[in-house]
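Here are some notes for a colleague who has not looked at this structure before. Please read them with the model open beside the text.

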Amino acid sequence: MVSNLPLFLDGEFVESKSKKTLEVTNPLSQEILCHVPCATKKEIDQAVSSASNAFLTWKETPPPERARLMMAYQALLKEHQEELAEILSQENGKTLEDAKGDVWRGIEVVEQAANIPTLLMGETLENVAREIDSYSYTQPLGVCAGITPFNFPAMIPLWMFPLAIACGNTFILKPSEQDPMTPNRLAELFVEAGAPKGILQVIHGDKEQVDHILTHPEIKAISFVGSVPVGQHVYKTGTENLKRVQAFAGAKNHMVVMPDADKQRTVENLVGASVGAAGQRCMAISVAIFVGQSKEWIEDLKEEMKKVVPGPWNSPTSGFGPLISKAAKERVLSLIETGKSEANCILDGSDYEVKEFPDGNWIGPTLFTDVPTESSIYKTEIFGPVLLTMNVDTLEEAISLVNSNPYGNGTSIFTASGRTARKYRHEVEVGQVGINIPIPVPLPFFSFTGWKGSFYGDLHAYGKQAVRFYTETKTVTERWFQGEDSEGANLTIKLE
Ligand code: NAD
(Lines give C-alpha, C1' and ligand atoms only; values in the text may rest on other atoms or scores of the structure.)
Protein backbone atom coordinates (compact mmCIF):
# COMPACT_ATOMS: atom_id res chain seq x y z
CA MET A 1 0.00 0.00 0.00
CA VAL A 2 1.26 3.48 -0.88
CA SER A 3 1.66 5.62 2.22
CA ASN A 4 0.95 9.28 2.90
CA LEU A 5 4.07 11.32 3.59
CA PRO A 6 3.89 12.85 7.08
CA LEU A 7 4.18 16.52 7.94
CA PHE A 8 6.79 17.49 10.53
CA LEU A 9 4.89 19.58 13.06
CA ASP A 10 5.89 20.63 16.54
CA GLY A 11 8.68 18.06 16.71
CA GLU A 12 6.55 15.11 15.50
CA PHE A 13 6.10 13.40 12.13
CA VAL A 14 2.30 13.37 11.85
CA GLU A 15 -0.28 12.34 9.29
CA SER A 16 -2.03 15.37 7.81
CA LYS A 17 -5.77 15.77 8.32
CA SER A 18 -6.04 17.15 4.79
CA LYS A 19 -8.34 15.39 2.33
CA LYS A 20 -6.26 16.66 -0.60
CA THR A 21 -3.17 14.67 -1.55
CA LEU A 22 -0.91 14.62 -4.62
CA GLU A 23 0.91 11.66 -6.13
CA VAL A 24 4.71 11.46 -6.00
CA THR A 25 5.73 9.34 -8.98
CA ASN A 26 8.91 7.63 -10.07
CA PRO A 27 9.85 9.42 -13.32
CA LEU A 28 11.23 6.14 -14.73
CA SER A 29 8.03 4.17 -14.48
CA GLN A 30 5.16 6.37 -13.19
CA GLU A 31 4.96 4.05 -10.17
CA ILE A 32 3.40 5.96 -7.26
CA LEU A 33 6.03 6.27 -4.52
CA CYS A 34 3.81 7.99 -1.95
CA HIS A 35 1.05 10.56 -1.58
CA VAL A 36 1.97 14.00 -0.39
CA PRO A 37 -0.68 15.85 1.63
CA CYS A 38 -1.64 19.47 0.99
CA ALA A 39 -1.48 20.74 4.58
CA THR A 40 -4.57 22.46 5.98
CA LYS A 41 -4.49 26.12 7.08
CA LYS A 42 -4.86 24.92 10.65
CA GLU A 43 -1.78 22.71 10.30
CA ILE A 44 0.26 25.58 8.85
CA ASP A 45 -0.90 27.85 11.68
CA GLN A 46 0.10 25.12 14.16
CA ALA A 47 3.56 24.91 12.53
CA VAL A 48 4.01 28.69 12.75
CA SER A 49 2.83 28.84 16.34
CA SER A 50 5.15 25.97 17.37
CA ALA A 51 8.05 27.68 15.53
CA SER A 52 7.23 30.99 17.30
CA ASN A 53 7.34 29.27 20.70
CA ALA A 54 10.58 27.47 19.89
CA PHE A 55 12.11 30.80 18.82
CA LEU A 56 11.87 32.14 22.39
CA THR A 57 14.43 29.62 23.65
CA TRP A 58 16.36 29.01 20.44
CA LYS A 59 17.31 32.68 20.02
CA GLU A 60 18.89 32.56 23.50
CA THR A 61 20.88 29.40 22.72
CA PRO A 62 24.55 30.38 22.45
CA PRO A 63 25.84 30.42 18.85
CA PRO A 64 28.57 27.85 19.68
CA GLU A 65 25.82 25.42 20.77
CA ARG A 66 23.92 26.08 17.55
CA ALA A 67 27.17 25.48 15.66
CA ARG A 68 27.62 22.13 17.43
CA LEU A 69 24.17 21.04 16.21
CA MET A 70 25.31 21.83 12.67
CA MET A 71 28.53 19.84 13.16
CA ALA A 72 26.52 16.82 14.31
CA TYR A 73 24.12 17.29 11.38
CA GLN A 74 27.00 17.53 8.89
CA ALA A 75 28.46 14.25 10.18
CA LEU A 76 25.07 12.48 9.94
CA LEU A 77 24.40 13.79 6.44
CA LYS A 78 27.80 12.50 5.34
CA GLU A 79 27.07 9.12 6.88
CA HIS A 80 23.71 8.99 5.06
CA GLN A 81 24.84 10.57 1.80
CA GLU A 82 24.38 7.39 -0.26
CA GLU A 83 20.98 6.59 1.28
CA LEU A 84 19.75 10.17 0.73
CA ALA A 85 21.01 10.06 -2.85
CA GLU A 86 19.06 6.85 -3.51
CA ILE A 87 15.80 8.34 -2.21
CA LEU A 88 16.50 11.46 -4.25
CA SER A 89 17.23 9.55 -7.47
CA GLN A 90 14.04 7.52 -7.17
CA GLU A 91 11.73 10.48 -6.83
CA ASN A 92 13.64 12.94 -9.02
CA GLY A 93 15.15 10.64 -11.68
CA LYS A 94 18.70 12.06 -11.65
CA THR A 95 21.60 9.60 -11.74
CA LEU A 96 23.03 8.34 -8.46
CA GLU A 97 26.33 10.17 -8.94
CA ASP A 98 24.53 13.42 -9.70
CA ALA A 99 22.24 12.87 -6.69
CA LYS A 100 25.27 12.40 -4.45
CA GLY A 101 26.53 15.76 -5.75
CA ASP A 102 23.14 17.30 -4.89
CA VAL A 103 23.48 16.07 -1.29
CA TRP A 104 27.16 17.03 -1.10
CA ARG A 105 26.63 20.63 -2.19
CA GLY A 106 24.03 20.88 0.57
CA ILE A 107 26.43 19.42 3.13
CA GLU A 108 28.89 22.18 2.24
CA VAL A 109 26.32 24.77 3.32
CA VAL A 110 25.83 22.95 6.63
CA GLU A 111 29.62 23.21 7.09
CA GLN A 112 29.28 26.95 6.56
CA ALA A 113 26.49 27.04 9.17
CA ALA A 114 28.85 25.34 11.63
CA ASN A 115 31.01 28.50 11.43
CA ILE A 116 28.13 30.66 12.62
CA PRO A 117 29.75 32.35 15.66
CA THR A 118 32.32 34.08 13.46
CA LEU A 119 29.75 34.92 10.79
CA LEU A 120 27.42 36.54 13.34
CA MET A 121 30.07 38.81 14.84
CA GLY A 122 29.30 42.51 14.69
CA GLU A 123 31.63 45.49 14.42
CA THR A 124 33.19 47.72 17.06
CA LEU A 125 34.90 51.11 17.11
CA GLU A 126 36.20 52.95 20.14
CA ASN A 127 36.07 56.75 20.39
CA VAL A 128 33.55 57.39 17.61
CA ALA A 129 33.35 60.72 19.48
CA ARG A 130 35.20 61.70 22.66
CA GLU A 131 34.89 58.73 25.08
CA ILE A 132 31.95 57.35 23.12
CA ASP A 133 32.17 53.80 21.75
CA SER A 134 30.02 52.04 19.15
CA TYR A 135 29.42 48.38 18.48
CA SER A 136 26.89 46.24 16.68
CA TYR A 137 25.21 42.88 17.24
CA THR A 138 23.33 40.65 14.85
CA GLN A 139 20.09 39.18 16.14
CA PRO A 140 17.71 36.66 14.54
CA LEU A 141 14.42 37.67 12.89
CA GLY A 142 11.99 35.06 14.24
CA VAL A 143 10.10 32.53 12.12
CA CYS A 144 11.45 32.26 8.56
CA ALA A 145 10.09 30.11 5.71
CA GLY A 146 11.54 28.42 2.63
CA ILE A 147 9.80 27.29 -0.57
CA THR A 148 11.89 25.00 -2.76
CA PRO A 149 11.82 23.57 -6.33
CA PHE A 150 11.99 19.98 -7.57
CA ASN A 151 15.39 20.05 -9.24
CA PHE A 152 17.65 19.99 -6.15
CA PRO A 153 15.55 18.41 -3.38
CA ALA A 154 18.53 18.11 -1.00
CA MET A 155 20.81 21.03 -1.89
CA ILE A 156 18.23 23.82 -1.99
CA PRO A 157 16.46 23.06 1.31
CA LEU A 158 20.00 22.86 2.76
CA TRP A 159 20.79 26.31 1.29
CA MET A 160 18.08 27.63 3.58
CA PHE A 161 17.20 26.05 6.92
CA PRO A 162 20.67 25.27 8.36
CA LEU A 163 21.90 28.87 8.00
CA ALA A 164 18.59 30.42 9.07
CA ILE A 165 18.49 28.19 12.15
CA ALA A 166 22.19 28.66 12.95
CA CYS A 167 21.46 32.42 12.98
CA GLY A 168 18.94 31.77 15.79
CA ASN A 169 15.71 31.71 13.74
CA THR A 170 13.17 28.92 13.51
CA PHE A 171 12.10 27.66 10.10
CA ILE A 172 9.11 26.36 8.11
CA LEU A 173 10.09 24.41 4.98
CA LYS A 174 7.61 23.87 2.13
CA PRO A 175 9.45 21.56 -0.30
CA SER A 176 8.47 20.77 -3.88
CA GLU A 177 5.44 18.49 -4.01
CA GLN A 178 7.18 16.57 -6.82
CA ASP A 179 10.03 15.13 -4.72
CA PRO A 180 9.23 15.71 -1.02
CA MET A 181 10.65 12.43 0.34
CA THR A 182 14.25 13.69 0.36
CA PRO A 183 13.41 16.84 2.39
CA ASN A 184 11.45 14.72 4.91
CA ARG A 185 14.51 12.50 5.35
CA LEU A 186 16.65 15.64 5.82
CA ALA A 187 14.29 16.64 8.64
CA GLU A 188 14.49 13.18 10.26
CA LEU A 189 18.27 13.36 10.27
CA PHE A 190 18.12 16.87 11.75
CA VAL A 191 16.13 15.47 14.68
CA GLU A 192 18.62 12.61 15.02
CA ALA A 193 21.44 15.18 15.12
CA GLY A 194 19.80 16.67 18.22
CA ALA A 195 17.66 19.53 16.86
CA PRO A 196 15.39 20.83 19.65
CA LYS A 197 11.64 20.54 19.14
CA GLY A 198 10.02 23.16 16.96
CA ILE A 199 13.05 24.83 15.37
CA LEU A 200 12.27 23.16 12.01
CA GLN A 201 8.81 22.32 10.68
CA VAL A 202 8.02 20.74 7.29
CA ILE A 203 4.64 21.33 5.72
CA HIS A 204 3.66 20.01 2.30
CA GLY A 205 1.48 21.23 -0.53
CA ASP A 206 1.47 23.57 -3.51
CA LYS A 207 0.12 27.03 -4.36
CA GLU A 208 -2.51 27.23 -1.62
CA GLN A 209 0.00 26.36 1.11
CA VAL A 210 2.58 28.79 -0.31
CA ASP A 211 0.00 31.59 -0.38
CA HIS A 212 -0.90 30.98 3.27
CA ILE A 213 2.81 31.25 4.19
CA LEU A 214 3.19 34.46 2.14
CA THR A 215 0.41 36.19 4.03
CA HIS A 216 0.99 34.78 7.51
CA PRO A 217 1.66 37.72 9.86
CA GLU A 218 4.07 35.80 12.12
CA ILE A 219 6.47 34.79 9.32
CA LYS A 220 9.20 37.40 9.01
CA ALA A 221 11.24 36.31 5.98
CA ILE A 222 10.78 34.09 2.92
CA SER A 223 13.43 32.33 0.86
CA PHE A 224 12.15 31.03 -2.49
CA VAL A 225 13.75 29.11 -5.34
CA GLY A 226 11.71 28.16 -8.43
CA SER A 227 10.35 29.38 -11.74
CA VAL A 228 10.07 33.00 -12.91
CA PRO A 229 6.29 33.52 -12.66
CA VAL A 230 6.11 31.92 -9.21
CA GLY A 231 9.22 33.83 -8.08
CA GLN A 232 7.59 37.11 -9.10
CA HIS A 233 4.37 36.16 -7.32
CA VAL A 234 6.27 35.19 -4.15
CA TYR A 235 8.34 38.39 -4.17
CA LYS A 236 5.35 40.68 -4.80
CA THR A 237 3.01 38.99 -2.31
CA GLY A 238 5.68 38.50 0.37
CA THR A 239 6.91 42.10 0.25
CA GLU A 240 3.32 43.42 0.02
CA ASN A 241 2.82 41.62 3.32
CA LEU A 242 5.91 43.46 4.63
CA LYS A 243 8.20 40.44 4.74
CA ARG A 244 11.84 40.23 3.81
CA VAL A 245 11.98 38.14 0.59
CA GLN A 246 14.76 36.61 -1.51
CA ALA A 247 13.41 34.88 -4.66
CA PHE A 248 15.71 32.94 -6.99
CA ALA A 249 14.09 32.29 -10.35
CA GLY A 250 14.68 30.85 -13.83
CA ALA A 251 17.48 31.46 -16.27
CA LYS A 252 18.93 31.27 -19.76
CA ASN A 253 22.66 30.72 -19.33
CA HIS A 254 25.12 31.36 -22.17
CA MET A 255 28.56 29.91 -22.76
CA VAL A 256 30.86 31.94 -25.02
CA VAL A 257 33.28 29.80 -27.03
CA MET A 258 36.38 31.61 -28.29
CA PRO A 259 38.38 30.15 -31.19
CA ASP A 260 41.55 30.00 -29.03
CA ALA A 261 39.92 27.67 -26.47
CA ASP A 262 40.95 24.04 -25.98
CA LYS A 263 38.52 22.43 -28.43
CA GLN A 264 38.05 18.98 -26.88
CA ARG A 265 37.68 20.27 -23.34
CA THR A 266 35.27 23.00 -24.44
CA VAL A 267 33.06 20.55 -26.29
CA GLU A 268 33.02 18.04 -23.41
CA ASN A 269 32.25 20.76 -20.85
CA LEU A 270 29.46 22.09 -23.02
CA VAL A 271 27.86 18.67 -23.28
CA GLY A 272 27.95 18.04 -19.51
CA ALA A 273 26.67 21.51 -18.66
CA SER A 274 23.79 21.45 -21.15
CA VAL A 275 22.31 17.95 -20.93
CA GLY A 276 23.51 16.83 -17.46
CA ALA A 277 20.52 16.28 -15.12
CA ALA A 278 18.41 16.34 -18.33
CA GLY A 279 19.04 20.10 -18.48
CA GLN A 280 16.98 20.60 -15.31
CA ARG A 281 19.48 22.88 -13.58
CA CYS A 282 19.01 26.60 -13.10
CA MET A 283 22.72 26.99 -13.98
CA ALA A 284 22.63 24.63 -17.00
CA ILE A 285 24.15 26.08 -20.16
CA SER A 286 21.24 26.41 -22.55
CA VAL A 287 22.86 28.63 -25.20
CA ALA A 288 26.37 28.32 -26.72
CA ILE A 289 27.67 31.36 -28.59
CA PHE A 290 30.43 30.40 -31.01
CA VAL A 291 32.75 33.29 -31.80
CA GLY A 292 34.47 33.39 -35.21
CA GLN A 293 35.94 30.11 -36.46
CA SER A 294 34.93 28.16 -33.34
CA LYS A 295 31.60 27.56 -35.14
CA GLU A 296 33.41 24.75 -36.99
CA TRP A 297 33.27 22.76 -33.73
CA ILE A 298 29.48 22.40 -33.82
CA GLU A 299 29.74 19.09 -35.71
CA ASP A 300 32.11 17.76 -32.99
CA LEU A 301 29.66 18.96 -30.37
CA LYS A 302 26.86 17.04 -32.07
CA GLU A 303 28.94 13.85 -32.15
CA GLU A 304 29.85 14.24 -28.46
CA MET A 305 26.19 14.85 -27.52
CA LYS A 306 25.12 11.72 -29.39
CA LYS A 307 27.37 9.65 -27.12
CA VAL A 308 25.35 10.60 -24.02
CA VAL A 309 22.86 7.85 -23.20
CA PRO A 310 19.92 8.69 -20.93
CA GLY A 311 18.85 5.86 -18.64
CA PRO A 312 17.82 4.80 -15.13
CA TRP A 313 19.45 6.41 -12.10
CA ASN A 314 21.11 3.19 -10.91
CA SER A 315 22.91 2.30 -14.15
CA PRO A 316 26.52 3.53 -14.37
CA THR A 317 26.15 4.02 -18.13
CA SER A 318 23.28 6.51 -17.81
CA GLY A 319 24.37 10.05 -18.71
CA PHE A 320 21.18 11.52 -17.30
CA GLY A 321 17.73 10.40 -16.23
CA PRO A 322 14.14 11.08 -17.30
CA LEU A 323 12.45 14.46 -16.88
CA ILE A 324 10.65 15.00 -13.59
CA SER A 325 7.07 14.46 -14.90
CA LYS A 326 4.96 13.66 -17.92
CA ALA A 327 3.83 17.29 -17.96
CA ALA A 328 7.45 18.53 -18.02
CA LYS A 329 8.21 16.16 -20.91
CA GLU A 330 5.16 17.34 -22.89
CA ARG A 331 6.17 20.97 -22.35
CA VAL A 332 9.74 20.39 -23.57
CA LEU A 333 8.56 18.30 -26.57
CA SER A 334 6.24 21.09 -27.60
CA LEU A 335 9.08 23.64 -27.40
CA ILE A 336 11.32 21.36 -29.52
CA GLU A 337 8.52 21.09 -32.09
CA THR A 338 8.12 24.89 -32.22
CA GLY A 339 11.91 25.24 -32.41
CA LYS A 340 11.98 23.16 -35.59
CA SER A 341 10.16 25.95 -37.41
CA GLU A 342 12.36 28.64 -35.88
CA ALA A 343 15.89 27.20 -36.21
CA ASN A 344 17.87 24.19 -37.41
CA CYS A 345 17.41 21.03 -35.32
CA ILE A 346 20.53 18.94 -36.05
CA LEU A 347 20.04 16.43 -33.22
CA ASP A 348 16.52 15.55 -32.13
CA GLY A 349 15.93 13.60 -28.91
CA SER A 350 12.11 13.83 -29.05
CA ASP A 351 11.53 10.14 -29.76
CA TYR A 352 14.09 8.80 -27.33
CA GLU A 353 13.06 5.55 -25.61
CA VAL A 354 14.58 3.25 -23.00
CA LYS A 355 13.37 -0.30 -23.65
CA GLU A 356 13.23 -1.44 -20.01
CA PHE A 357 11.35 1.72 -19.00
CA PRO A 358 8.82 2.47 -21.73
CA ASP A 359 6.83 4.78 -19.43
CA GLY A 360 9.81 6.97 -18.43
CA ASN A 361 9.72 10.70 -19.21
CA TRP A 362 12.58 10.41 -21.71
CA ILE A 363 13.98 13.05 -24.01
CA GLY A 364 17.39 12.55 -25.62
CA PRO A 365 20.07 15.20 -26.20
CA THR A 366 18.78 17.82 -28.64
CA LEU A 367 20.81 20.43 -30.52
CA PHE A 368 19.66 23.50 -32.46
CA THR A 369 21.86 25.74 -34.61
CA ASP A 370 21.33 29.25 -36.06
CA VAL A 371 18.86 30.16 -33.34
CA PRO A 372 17.45 33.70 -33.74
CA THR A 373 17.11 35.87 -30.62
CA GLU A 374 13.44 36.48 -31.34
CA SER A 375 12.58 32.74 -31.41
CA SER A 376 10.48 31.28 -28.62
CA ILE A 377 13.10 28.60 -27.91
CA TYR A 378 15.60 31.39 -27.17
CA LYS A 379 13.19 33.48 -25.12
CA THR A 380 11.87 30.59 -22.98
CA GLU A 381 13.68 28.63 -20.29
CA ILE A 382 13.30 25.13 -21.79
CA PHE A 383 14.52 23.15 -18.73
CA GLY A 384 15.27 20.03 -20.77
CA PRO A 385 18.32 18.43 -22.46
CA VAL A 386 18.24 20.96 -25.26
CA LEU A 387 21.17 23.15 -26.34
CA LEU A 388 20.81 26.16 -28.66
CA THR A 389 23.77 27.53 -30.61
CA MET A 390 24.40 30.94 -32.18
CA ASN A 391 27.34 32.32 -34.15
CA VAL A 392 28.87 35.79 -33.88
CA ASP A 393 32.07 37.35 -35.26
CA THR A 394 33.48 39.09 -32.19
CA LEU A 395 33.67 38.96 -28.39
CA GLU A 396 31.92 42.37 -28.25
CA GLU A 397 28.92 40.93 -30.12
CA ALA A 398 28.83 37.95 -27.75
CA ILE A 399 28.85 40.26 -24.70
CA SER A 400 26.12 42.43 -26.13
CA LEU A 401 23.98 39.35 -26.86
CA VAL A 402 24.33 38.00 -23.31
CA ASN A 403 23.70 41.44 -21.80
CA SER A 404 20.50 41.86 -23.84
CA ASN A 405 19.03 38.73 -22.30
CA PRO A 406 16.58 39.43 -19.46
CA TYR A 407 18.13 36.75 -17.20
CA GLY A 408 21.47 36.87 -15.41
CA ASN A 409 22.00 33.72 -13.38
CA GLY A 410 25.20 32.17 -14.79
CA THR A 411 27.50 32.36 -17.79
CA SER A 412 30.89 31.07 -18.83
CA ILE A 413 33.61 31.76 -21.32
CA PHE A 414 36.07 29.21 -22.69
CA THR A 415 39.30 30.80 -23.90
CA ALA A 416 43.09 30.58 -23.61
CA SER A 417 43.44 34.36 -23.32
CA GLY A 418 43.53 36.07 -19.93
CA ARG A 419 42.83 39.41 -21.58
CA THR A 420 39.67 38.08 -23.28
CA ALA A 421 38.50 36.41 -20.07
CA ARG A 422 39.06 39.60 -18.08
CA LYS A 423 37.08 41.73 -20.52
CA TYR A 424 34.24 39.19 -20.46
CA ARG A 425 33.99 38.85 -16.69
CA HIS A 426 34.21 42.63 -16.26
CA GLU A 427 31.60 43.61 -18.85
CA VAL A 428 29.07 40.79 -18.68
CA GLU A 429 25.87 41.59 -16.76
CA VAL A 430 25.44 38.20 -15.13
CA GLY A 431 25.85 37.36 -11.45
CA GLN A 432 27.96 34.19 -11.68
CA VAL A 433 30.75 33.90 -14.22
CA GLY A 434 32.87 30.85 -15.06
CA ILE A 435 36.21 31.09 -16.85
CA ASN A 436 36.85 27.67 -18.39
CA ILE A 437 34.30 26.42 -15.79
CA PRO A 438 30.90 25.72 -17.34
CA ILE A 439 28.63 25.81 -14.24
CA PRO A 440 30.14 28.32 -11.80
CA VAL A 441 28.00 27.67 -8.71
CA PRO A 442 29.94 29.37 -5.88
CA LEU A 443 30.94 27.45 -2.76
CA PRO A 444 29.15 28.57 0.41
CA PHE A 445 31.81 30.93 1.75
CA PHE A 446 30.74 33.05 -1.24
CA SER A 447 27.05 33.61 -2.05
CA PHE A 448 24.85 32.39 -4.92
CA THR A 449 24.49 35.67 -6.76
CA GLY A 450 22.02 35.56 -9.67
CA TRP A 451 21.18 38.92 -11.31
CA LYS A 452 18.42 40.59 -13.35
CA GLY A 453 15.31 38.45 -14.03
CA SER A 454 16.92 35.45 -12.28
CA PHE A 455 16.64 37.03 -8.83
CA TYR A 456 14.23 39.27 -6.95
CA GLY A 457 15.54 40.74 -3.72
CA ASP A 458 18.73 42.19 -2.31
CA LEU A 459 20.62 39.63 -0.27
CA HIS A 460 21.47 36.31 -1.89
CA ALA A 461 21.62 32.67 -0.78
CA TYR A 462 24.25 31.28 1.62
CA GLY A 463 27.62 32.86 2.51
CA LYS A 464 27.78 36.21 4.30
CA GLN A 465 24.79 37.59 2.38
CA ALA A 466 22.49 34.89 3.78
CA VAL A 467 23.61 35.68 7.32
CA ARG A 468 22.62 39.31 6.67
CA PHE A 469 19.31 38.14 5.18
CA TYR A 470 18.42 36.03 8.22
CA THR A 471 19.42 38.63 10.86
CA GLU A 472 18.81 42.19 12.00
CA THR A 473 21.72 44.43 13.01
CA LYS A 474 21.51 46.34 16.28
CA THR A 475 24.01 49.18 16.67
CA VAL A 476 24.82 50.52 20.14
CA THR A 477 26.41 53.89 20.90
CA GLU A 478 27.67 54.11 24.49
CA ARG A 479 29.14 56.63 26.95
CA TRP A 480 29.99 56.48 30.69
CA PHE A 481 30.03 59.80 32.53
CA GLN A 482 32.87 60.81 34.76
CA GLY A 483 33.24 63.70 37.20
CA GLU A 484 30.47 65.80 38.73
CA ASP A 485 30.06 68.55 36.13
CA SER A 486 27.20 68.31 33.66
CA GLU A 487 27.72 69.85 30.18
CA GLY A 488 24.15 71.12 29.79
CA ALA A 489 21.60 70.08 27.15
CA ASN A 490 22.95 69.25 23.69
CA LEU A 491 20.40 70.75 21.31
CA THR A 492 22.08 69.40 18.16
CA ILE A 493 22.55 65.83 16.96
CA LYS A 494 26.32 66.15 16.92
CA LEU A 495 28.57 63.92 19.03
CA GLU A 496 32.00 65.42 19.48
P1 NAD B 1 8.06 26.04 -9.52
O2 NAD B 1 8.09 27.51 -9.55
O3 NAD B 1 7.00 25.32 -10.29
O4 NAD B 1 7.89 25.52 -7.99
C5 NAD B 1 8.71 26.03 -6.96
C6 NAD B 1 7.92 26.00 -5.64
O7 NAD B 1 6.81 26.89 -5.73
C8 NAD B 1 7.36 24.62 -5.29
O9 NAD B 1 7.51 24.41 -3.92
C10 NAD B 1 5.89 24.73 -5.68
O11 NAD B 1 5.03 23.95 -4.87
C12 NAD B 1 5.58 26.20 -5.48
N13 NAD B 1 4.58 26.70 -6.45
C14 NAD B 1 4.34 26.23 -7.71
N15 NAD B 1 3.39 26.98 -8.31
C16 NAD B 1 3.03 27.93 -7.44
C17 NAD B 1 2.11 29.02 -7.49
N18 NAD B 1 1.36 29.25 -8.57
N19 NAD B 1 1.99 29.82 -6.40
C20 NAD B 1 2.74 29.60 -5.29
N21 NAD B 1 3.64 28.58 -5.20
C22 NAD B 1 3.78 27.76 -6.25
O23 NAD B 1 9.52 25.53 -9.93
P24 NAD B 1 10.02 24.05 -10.24
O25 NAD B 1 9.46 23.61 -11.55
O26 NAD B 1 9.84 23.19 -9.04
O27 NAD B 1 11.60 24.31 -10.40
C28 NAD B 1 12.21 24.64 -11.61
C29 NAD B 1 12.44 26.14 -11.71
O30 NAD B 1 13.25 26.57 -10.62
C31 NAD B 1 13.24 26.53 -12.97
O32 NAD B 1 12.67 27.69 -13.50
C33 NAD B 1 14.65 26.79 -12.45
O34 NAD B 1 15.41 27.68 -13.22
C35 NAD B 1 14.33 27.39 -11.11
N36 NAD B 1 15.47 27.27 -10.22
C37 NAD B 1 16.18 28.41 -9.97
C38 NAD B 1 17.31 28.34 -9.16
C39 NAD B 1 18.11 29.59 -8.87
O40 NAD B 1 18.93 29.54 -7.97
N41 NAD B 1 17.92 30.69 -9.56
C42 NAD B 1 17.72 27.12 -8.61
C43 NAD B 1 16.97 25.98 -8.91
C44 NAD B 1 15.83 26.08 -9.71
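1. Y135 has V476 of β22 as its bridge partner. This is a predicted model, and the remarks below should be read with that in mind. Further along the pairing of these two strands, Q139 is placed opposite E472 of β22. In total, β6 and β22 are joined by 9 bridges and run antiparallel.

2. On β5, the residue to look at is L125, which faces S134 of β6. Strand β5 covers residues 124-129 and strand β6 covers residues 132-140; the two pair in the antiparallel sense, over 3 bridges. They make a hairpin with 2 residues between the strands. One residue of that turn, E131, has a positive phi of about 55 degrees.

3. How are β5, β6 and β22 ordered in their sheet? The order is β5-β6-β22, in an open sheet of 3 strands with antiparallel pairing. The strands β5 and β22 are at the edges with a single partner strand each, so each has one side without a neighbour in the sheet. From one strand to the next, the twist averages 30 degrees. As background, strands of a sheet pair through backbone hydrogen bonds, and they do so in a parallel or an antiparallel way.

4. Next, the aromatic rings. The model contains 15 aromatic pairs. Y135 and Y137 form one of them: the ring centres are 5.7 Å apart and the planes meet at 80 degrees, so this pair is edge-to-face. Y137 has a relative accessibility of 45%, so it counts as partly exposed.

5. A second pair to inspect is F469 with Y470. Their ring centres are 5.2 Å apart with the planes at 75 degrees, and the pair is therefore edge-to-face. Are F469 and Y470 buried or exposed? Both residues are buried. Elsewhere, ring pairs connect W159, F248, F448, F455 and Y462 into a cluster.

6. On the cysteines, how many disulfides does the structure hold? The count is 0. C34 takes part in no disulfide, and the nearest cysteine sulfur, which belongs to C38, is 12 Å away. A disulfide requires the two sulfur atoms to be within 2.5 Å. C34 has a relative accessible area of 2% and is therefore buried. C345, in contrast, is partly exposed, because its relative accessible area is 25%.

7. T492 lies in the segment after β22, the strand that spans 471-479. What does the side chain of T492 contact? The side chain of N490 is joined to that of T492 by a polar contact of 3.0 Å. In addition, a polar atom of the T492 side chain lies 3.0 Å from the backbone nitrogen of K494. With a relative accessibility of 48%, T492 counts as partly exposed.

8. One long-range distance completes these notes. Between T492 and S89 there are 65 Å in space, taken from C-alpha to C-alpha, and the two residues are 403 residues apart in sequence.

Terms used. Residues are numbered from 1 along each chain as its sequence is written. This is a predicted model: local features need pLDDT of at least 70, side-chain atom pairs count only at pLDDT 80 or more; totals for chains, interfaces and linings use all residues. Side-chain values use heavy atoms; hydrogens and water are left out. Buried means under 20% relative accessible area, exposed over 50%, partly exposed in between (1.4 Å probe, protein chains only). Helices (H or I, at least four residues) and strands (E, at least two) are DSSP runs, numbered from the N terminus. A polar contact is a pair of N or O atoms within 3.5 Å; within protein, one must be able to donate a hydrogen and the other to accept it, and residues adjacent in sequence count only if both atoms are side-chain atoms. Two strands pair if DSSP finds at least two bridges between them. Rings of Phe, Tyr and Trp (its six-membered ring) pair if their centres lie within 6.5 Å; planes under 30 degrees apart count as stacked, over 60 as edge-to-face and the rest as tilted. Axes are lines fitted to C-alpha atoms, for helices over the stretch in contact, and angles run from 0 to 180 degrees between N-to-C directions.
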